[in-house]
Amino acid sequence: MGVSKSNKKHQCYIAVPSQIINSLSSSALQTLLEEAPKKKTKTTDPSKLKLLLTNPRFWIVLLFLFAFVGILLNMWLNFDPFSQYPCPISQEKGQISTAPQLSIAAVNEKSIVNEKSSEFWKQPDRLGYMPCLEFSAKYRKASVEILKDRNKYLMVVVSGGMNQQRNQIVDAVVIARILGAALVVPIFQVNPIWGDESEFSDIFDMDHFKKVLANDVRIVSSLPSIHVMTRPVEEKHTPLYASPQWIRSHYTRKLRRDGVLLLRGLDSRLSKDLPSDLQKLRGKVAFHALRFNPSILELGNKLTERMRSKGPYLALHLRMEKDVWVRTGCLPGLSHEYDEIINNERKRRPDLLTSRSNMTYHDRKLAGLCPLNALEVTRLIKALGAPKGSRIYWAGGIPLGGKEALQPLTKEFPHFYNKEDLALTGELEPFAKKASLMAAIDYIVSENSDVFMPSHGGNMGHAIQGHRAYAGHKKTITPNKRQMLPHFLNSSLSETEFNRIILDLHKDSLGQPELRKTGRDVTKYPVPECMCNTTTIHSSV
């Protein structure tokens, strides 16, 4: 039986990208079809060749063929058979590319999981400590009479940056309680450095403030009409760290006589060592009553979510602004040029140097009185185990030297963001040129972080440290500058030995519960007045 052979010829096809087909007009396609020879001829008529060369359609087709072959060659040369995305995708100018992150997530998923489970993110043992703000029966009984009083009013003017104002508001509430007076919502003095004219309600939630303190101090938005035309007695001579006894003996008589007392400059005017109930009141104001304005809170929480969307994050409060270097008597260490800028400014404004003017820069540095620069911060967090892929949020003003000053950090930790990087177009506009509101956003994202570290002390670092302690002793690294800096200067140490020393120096400076010592602020160290562990609670019942 014979096998029949099919006369049908096999056809081969070339796959042409759809972009090329779509880019051709219908006339061009028709030209291709028309000009394609149906049958190969053995001889060529010279007259026909001449006619073909003078035909414009021939040149259009030839140009197309050259372009087509070029595209195919380009696609072949750039083809990567092992790539997750073998076809390149063009991107509009101005868009933020997420391709690298997606590629890393797919290829290095295991390493990212390991980074998230790194020892660096491990939280300290809270030792069973929990918030406890139970006031004594004596305090609660006194509250009844204090809240009934309608004859005594305390007015306060707070100054400085947002965190300085915050501390003064805390003390203003406690002083009002000591005097048994109603507190008029604090007046904010315009900041001479930033020109910020924000008022209390621009930064804090006033209704919440009044509601939380309703059983402790009567808060009023303004003086009653009977006192509006009265010039309040202003007291300018409150000493540092005044005791409740001193405040009562000096102000009670004036307050009863005039009905209104005005206090200014409350920074550090009230003693840090108060009776237990007043310490608890301090904690209640700082950790509960002073909640940020809803619009600030909303944006701060949004930025927190964006930081946490890829896992845990570290928040750094960097103090590298020009005025910080001038006031601390320290040098940024960027270059001789920048050091000269600071030295000249300090000579021009010697009043800006805050303390210990007889110390040299080197002595200040070794005494741990200088802010850490970006290189020192980088070495410290690397030694403490921060993975290279760590997401870092940095809070603070623009550093002297701009991006150059941050280079050691951005080079070692590329996932490095601030509020301007995270905010969508227009989100920061309502807060622009208002330093207090911008500081409040930094406060929220920093307080919510998995790990927090300030490069220098200060009101914001102290406030966040206390807030994080009260929230469950979340990991907060306190740089042991005095003991670690000599090792930073020792070039003979290997990296392994350096890391071991730095880890050992900071094993007890990671946010563990720490009892407040005499002279320390309870809003920074809430144990034992504002927090109790299970043993303390059971023994007191």
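The following exchange explains the terms used for several features of this predicted model.

User: What makes C132 and C532 a disulfide?

Analyst: The sulfur atoms of C132 and C532 lie 1.7 Å apart. A disulfide requires two cysteine sulfur atoms within 2.5 Å, so the pair meets the definition. With 80° about the S-S bond, this link is right-handed. C132 sits in the loop between β1 (130-131) and α7 (137-148), whereas C532 belongs to strand β12 (residues 531-532), so the bond ties together parts that are 400 residues apart in sequence.

User: Why are C132 and C532 called buried?

Analyst: A residue counts as buried when its relative accessible area is under 20%. The value is 11% for C132 and 13% for C532, so both names are justified by that cut-off.

User: How many disulfides does the structure hold, and what is known of the link between C330 and C370?

Analyst: The structure holds two disulfides. In the link between C330 and C370, the sulfur atoms are 2.0 Å apart, which satisfies the limit of 2.5 Å. Its angle about the S-S bond is -85°, and the link is left-handed. C330 lies in the loop between α15 (322-328) and α16 (336-348), and C370 in the loop between α17 (361-366) and α18 (374-383), 40 residues apart. C330 has a relative accessible area of 0% and C370 one of 3%; each is buried. Counting bonded cysteines along the chain, the disulfides follow the pattern 1-4, 2-3.

User: Why is C530 not counted as part of a disulfide?

Analyst: The closest cysteine sulfur to that of C530 belongs to C132, at 7.6 Å, which is too far for a bond. C530 is nevertheless buried, with a relative accessible area of 0%.

User: How do you know that strands β8 and β11 pair?

Analyst: Two strands need at least two bridges to count as a pair. Strand β8 (residues 313-317) and β11 have four bridges, in the parallel sense; L314 is bridged to V451 of β11. Strand β11 (residues 451-454) is also covered on both faces, with V451 and M453 buried on one side and F452 and P454 buried on the other.

User: How do you know that the length of helix α22 agrees with its number of residues?

Analyst: At 1.5 Å a residue, the twelve residues of α22 (residues 459-470) should span 16 Å, and the end C-alpha atoms are 17 Å apart, which agrees.

User: Why is α22 described as mostly covered?

Analyst: Ten of the twelve residues of α22 are buried. Among them are M460, I464, H467, R468 and Y470. Just after this helix, G472 takes a positive phi of about 125°.

User: What makes up the largest nonpolar core?

Analyst: The largest nonpolar core has 77 residues, and those with the most contacts inside it are L154, L183, F200, F204, F209 and F292. Helix α8 (residues 162-179) supplies the largest share, ten residues. Leaving aside neighbours within four places in sequence, F292 is in contact with residues including M162, I203, F204, L297 and Y443. Another core, of 39 residues, lies apart from the largest one and includes L372, A374, V377 and L510.

User: What makes E376 and K365 a salt bridge?

Analyst: The closest N and O atoms of E376 and K365 are 2.8 Å apart. The limit for a salt bridge is 4 Å, so the pair qualifies. E376 lies in helix α18 and K365 in helix α17, so the bridge ties together parts that are eleven residues apart in sequence. Both residues are buried.

User: Why is K474 called partly exposed, and which residue is its salt-bridge partner?

Analyst: K474 has a relative accessibility of 21% and so counts as partly exposed, since buried requires a value under 20% and exposed one over 50%. Its partner is E447, with the closest N and O atoms 3.4 Å apart. E447, at 10%, counts as buried.

User: How many salt bridges does the structure hold, and which residues are linked in a network?

Analyst: The structure holds 25 salt bridges. D273, R516 and E529 are linked in a network of them. Another salt bridge joins the side chains of K152 and D149, at 2.9 Å from N to O. K152 has 13% relative accessibility and D149 has 17%, so each falls under the 20% cut-off for buried residues.

Definitions and conventions: Residues numbered from 1 in each chain as written. Predicted model: local features only at pLDDT ≥ 70, side-chain atom pairs only at ≥ 80, totals over all residues. Heavy atoms only, no water. Helix = DSSP H or I, 4+ residues; strand = E, 2+ residues; numbered from the N terminus. Buried < 20%, exposed > 50% of the residue type's maximum accessible area, 1.4 Å probe, protein only. Expected span 1.5 Å × (residues − 1). Core = buried A, V, L, I, M, F, W, Y, C linked by side-chain atoms within 4.5 Å. Contact = heavy atoms within 4.5 Å.
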